[in-house]
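Colleague: Could you take me through the terms you use for this model, and show how each one is decided?

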Amino acid sequence: MDIKAIEQQLLQIFDSNIVEEIIRVGQFHEFMAGEEIMRPGQYIKAIPFIIKGSIKIMREDNDGKELLLYYLGDNDSCAMSLTCCMSLRKSEVRAVADEKTQMLMIPVEYVEKWMEKYPGWKSFVFSTYQKRFEELLSTIDSIAFKKMDERLLEYLERKSETLNITEFNITHEEIARDLGTSREVISRLLKQLERIGDVKLSRNKITLLS
């Protein structure tokens, strides 16, 4: 962990007083791609602040079927974690590292304390809620009003924006799981997108062209 680099990153968002506290109490964690960070039914004792990487936040039904809600990237935190922390509720979502991810876990007792003490932290918490709310609305709109081919292209574009890449090492099965559909549907739609020049396909690899 490069504390100096993390400190400089935090100073782009917060003032020096709270940065000192975050560095002091934050617990550094590193997760590899595919590693579970949070699961449904788990009590949340700390909130994540992502230093580098990305996380998928998933909603799971009783049969184990999942749906991608949104991504978290650099300098992000999870509104679901904040809510669970402050209300002492169990998690209702699953969080999985989408790539190698580094984060600071901030113990729950500091979340509300800092909201009263530091205006910058309070602003960060409220902006986190706002961003996640807008992303959830976008997800709902996509499910309700868009066809699956549009949702698939939007999924790839969001993933590209979050990871800052245009080439993905990802299986059709994983995409299907994220979008709540079948692998066969995803494979067929990817071939359609390739025919019209939006993507290029190779083994377990998709390149976004559009």
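Modeller: Happily; we can go term by term, starting with the ground rules. This is a predicted model, in which local features need pLDDT of at least 70, side-chain atom pairs count only at pLDDT 80 or more, and totals for chains, interfaces and linings use all residues. Residues are numbered from 1 along each chain as its sequence is written, and side-chain values use heavy atoms, with hydrogens and water left out.

Colleague: What makes two rings an aromatic pair, and how many pairs are there?

Modeller: Rings of Phe, Tyr and Trp (its six-membered ring) pair if their centres lie within 6.5 Å; planes under 30 degrees apart count as stacked, over 60 as edge-to-face and the rest as tilted. By that rule the count is 7 aromatic pairs.

Colleague: Why is the pair of Phe14 and Trp121 called tilted?

Modeller: Their ring centres are 5.9 Å apart and their planes stand at 35°, so the pair is tilted. This pair links distant parts of the chain, with Phe14 in the loop between helix 1 (3-10) and helix 2 (16-25) and Trp121 in helix 5 (residues 119-145), 107 residues apart. Helices (H or I, at least four residues) and strands (E, at least two) are DSSP runs, numbered from the N terminus.

Colleague: And why is Phe14 with Phe124 edge-to-face?

Modeller: Here the centres are 5.2 Å apart and the planes are at 75°, so this pair is edge-to-face. It also links distant parts of the chain, since Phe124 is in helix 5, 110 residues from Phe14. Both Phe14 and Phe124 are buried. Ring pairs join Phe14, Phe49, Tyr110, Trp114, Trp121 and Phe124 into a cluster.

Colleague: What makes Ser54 buried, and where is Ser54 found?

Modeller: Buried means under 20% relative accessible area, exposed over 50%, and partly exposed in between (1.4 Å probe, protein chains only). Ser54 has a relative accessible area of 0%, so Ser54 is buried. Ser54 is found in the loop between strand 3 (46-52) and strand 4. Leaving aside neighbours within four places in sequence, Ser54 has contacts (heavy atoms within 4.5 Å) that include Leu72, Gly73, Thr162 and Leu163.

Colleague: Which of Asn75 and Asn164 is exposed and which partly exposed?

Modeller: Asn164 has a relative accessible area of 70%, so Asn164 is exposed. Asn75 is at 24%, so Asn75 counts as partly exposed. Asn75 is in the loop between strand 5 and helix 3 (79-87), while Asn164 is in the loop between helix 6 and strand 8 (167-168).

Colleague: What is the phi of each of these two residues?

Modeller: Most residues other than glycine have a negative phi. Phi of Asn75 is near 65°, a positive value, and phi of Asn164 is near 60°, also positive. Gly180, just after helix 7, takes a positive phi of about 70°.

Colleague: How do you know that the span of helix 5 is close to the expected one?

Modeller: The expected span is 1.5 Å times one less than the number of residues. Helix 5 has 27 residues, and its 38 Å from first C-alpha to last is close to the expected 39 Å. Its buried residues include Trp121, Phe124 and Arg132.

Colleague: What puts Arg132 over the face of Tyr70?

Modeller: A charge sits over a ring if NZ of Lys or CZ of Arg is within 6 Å of the ring centre and within 35 degrees of the ring normal. Arg132 lies over the face of Tyr70, at 5.4 Å from the ring centre.

Colleague: What makes one space a cavity and another a pocket?

Modeller: On a 1 Å grid over the protein atoms alone, a cavity is a set of points where a 1.4 Å probe fits but cannot get out, and a pocket is an open set with protein on both sides within 12 Å along at least five of seven lines; lining residues have an atom within 4 Å of a point. Grid points are joined across faces, edges and corners, and a volume is the space filled by probe spheres set on the points. The search finds 1 cavity of 30 Å³ or more, and the largest cavity has a volume of about 90 Å³. The largest pocket holds about 490 Å³.

Colleague: Which element supplies the largest share of each lining?

Modeller: Helix 6 does, with 5 residues for the largest pocket and 4 residues for the largest cavity. The pocket is lined by 21 residues, and among those nearest its centre are Leu72, Gly73 and Thr162.
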